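Me: I'm new to this one and I'd like to see the reasoning behind the labels. Can we go through it together?

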Amino acid sequence: MYNPEVETANRAEMEKLQLTRLQKTVENVFENVPFYKEKFDDLGIRPEDIQQLSDVTKLPFTKKQNLRDQYPFGLFAVPLDEVTRIHGSSGTSGKPTIVGYTKNDIENWSVIVARAIVTAGGRKSDIFHNAYGYGLFTGGMGLHYGAEKLGAATVPISGGNTERQITIINDFKPRGICGTPSYILNIAEKMEEMGMDPNENGIEYGIFGAEPWSEEMRATLEKKLKLKAVDIYGLSEIMGPGVAIECHEAQDGLHIAEDHFLVEVINPDTLEQVEDGVVGELVFTSLTKEALPIIRYRTGDLATITREKCKCGRTTTRMSRIIGRTDDMIIVRGVNVFPSEIERALLQVEGLVPHYQIHLVKKGTMDSVELHVEIESGFYDRVGGDLTHVDVHKLKKTVQHHMKTTCLVTMDIVVNIPKGIPRSEGKAIRIVDKRNSAVMSL
Ligand code: DLL
């Protein structure tokens, strides 16, 4: 069940399965979700119009705002009586986006995540330390049910209480761990602070995601914790974690669970599909969901896809890591900047730890970026705790130069003392927008 033939199916077999499931999903939403019925009527389409997979482009898009407008249960395709779980995702503002699952949805999701853990190198015999937050957020419960489905001894530690996490890791000796990359880094640093070597904890693989991270962050985590780190992607609107995951063999793109999710990549301006390999916005249609089937959901996440067979033998379409968001893109003096680019450039500078924040401020009438970085404790001691030291000045210049060459933007660099950047226990806050607040630190 966890490494089924579907992962190595040839394209024709996969597309046949996808088409049958797409047709069923379209009929379902047409019959049971007034929002979609109305949209289909407006566009003059009916379920019978979906005769081949490429007909998906005839269907309307769904956006986060549509879920917000239908808060909390308006897009559900089944009566609440058949819903066995509710999750949500916290937006930056207002109420969370609510999603629901039937018993079958939970079963499918568990199998998808169990498969994902196997893809990451996990086994039934593992102890599996789950540091994703439990709650409305899909990370904790999603990984939990998958790990249990696999048969791993699942430790539902959740996020936070880092010292206790470390004790549990030392005592239980898990083979696998999962959490947001920023929180796992936080755990590793705490271990060092407590006089332990995070290299010696015996963890063999880590499943990290739910927030953007870079190859450089992967290298840092793999070195610090001596494990293989793979990227897991997902979003609550589509299911939760497990929509796609990297294999431990190649670590080269995330395998999409295509038997459950149909992927498209579109140009966010023209809304047309782009060629494989071209960066665009990921759009997913659920193929098996019962409680909240979703048509052409615009994720806002930017990536590329490839249909080339992977070294691991799987034939499923792979997506690149998320390289930005349509709405997270910072436009500074006309230049598009993505936080992930900043992270990549930052991690190439020696003397800094991989925690950072991008503060957007106003300088007069102009938008400006203040990049808050954090100095390594060894470096800090070397300069005697003096942030005006000539070496700190040099460090600032180096960072500024790296940013200018990677992002084409001149940024003000603010060096923080060790632990000066707030640590996360879940998704890290990378962007602080101070442009409209009265308090500005210039
Ligand atoms: O973050 C689900 C998840 C939990 C994924 C645990 C992986 C691990 P939401 O809270 O709905 O769901 O947030 C979804 O998070 O649209 C992306 O912008 C971002 N995201 C998720 N995974 C990744 C990743 C979960 N691997 C939103 N890389 C998505 C970059 C990611 N961004």
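**Around the ligand**

Reply: Sure. This is a predicted model. Let's start at the ligand, which has 21 residues around it, the closest being Asp231, Ile232, Ser236, Asp301 and Lys427.

Me: What makes the pairing of Asp301 with the ligand a polar contact?

Reply: The cut-off is a pair of N or O atoms within 3.5 Å. An N or O atom in the side chain of Asp301 sits 2.6 Å from a ligand oxygen, so that pair meets the cut-off.

Me: Which part of Glu211 comes up to the ligand, backbone or side chain?

Reply: The backbone: one of its N or O atoms is 3.3 Å from a ligand nitrogen. With Arg325 it's a side-chain N or O atom, 3.4 Å from an oxygen of the ligand. Both values are within 3.5 Å, so these pairs count as well.

**Two domains**

Me: How do you know where the domains begin and end?

Reply: The bounds come from an automatic or database domain assignment. That assignment gives domain 1 as 1-325 and domain 2 as 330-441. Their C-alpha centres are 30 Å apart.

Me: What makes you say the two domains are in contact?

Reply: Contact means heavy atoms within 4.5 Å, and 23 residues of domain 1 are in contact with 17 residues of domain 2. Together the domains bury about 1,600 Å², with 52% of that on carbon and sulfur atoms. On the domain 1 side, Ser182, Glu189 and Glu216 supply 27% of the area buried against domain 2, more than any other three residues.

Me: Why is the pair Lys419 and Glu189 called a salt bridge?

Reply: The rule asks for a side-chain nitrogen of Lys or Arg within 4 Å of a carboxyl oxygen of Asp or Glu. Lys419 and Glu189 come to 3.8 Å, N to O, so the pair passes. Side chains of opposite charge can pair when their charged atoms come close. Between domain 1 and domain 2 the count is 3 salt bridges, and there are 10 residue pairs in polar contact.

Me: Which elements of domain 1 supply at least two residues of the side that touches domain 2?

Reply: Helix H7 (181-193), helix H8 (215-225) and strand S15 (324-325) each do. H7 gives the largest share, 6 residues. By type, the residues on that side of domain 1 divide into 9 nonpolar, 9 polar and 5 charged.

**Elsewhere in the chain**

Me: What does the salt bridge between Glu7 and Arg115 tie together?

Reply: Their side chains meet at 3.7 Å, N to O. Glu7 lies in the segment before helix H1 (11-32) and Arg115 in helix H4, so the pair links parts 108 residues apart in sequence. In the whole structure there are 34 salt bridges.

Me: Which backbone details should I look up?

Reply: Try the peptide bond from Tyr71 to Pro72, which is cis, with omega near -5°. Pro72 is in the loop between helix H3 (64-69) and strand S1 (83-89). Then there's Ser158, which has a positive phi of about 70° although it isn't a glycine. Ser158 lies in the loop between strand S4 (153-155) and helix H6 (162-172).

Terms used
Residues numbered from 1 in each chain as written. Predicted model: local features only at pLDDT ≥ 70, side-chain atom pairs only at ≥ 80, totals over all residues. Heavy atoms only, no water. Buried area = accessible area lost by both parts, 1.4 Å probe. Polar contact = N/O pair within 3.5 Å; in protein donor to acceptor, adjacent residues only side chain to side chain. Helix = DSSP H or I, 4+ residues; strand = E, 2+ residues; numbered from the N terminus. Nonpolar A, V, L, I, M, F, W, Y, C, P; charged D, E, K, R; others polar. Near = heavy atom within 4 Å.
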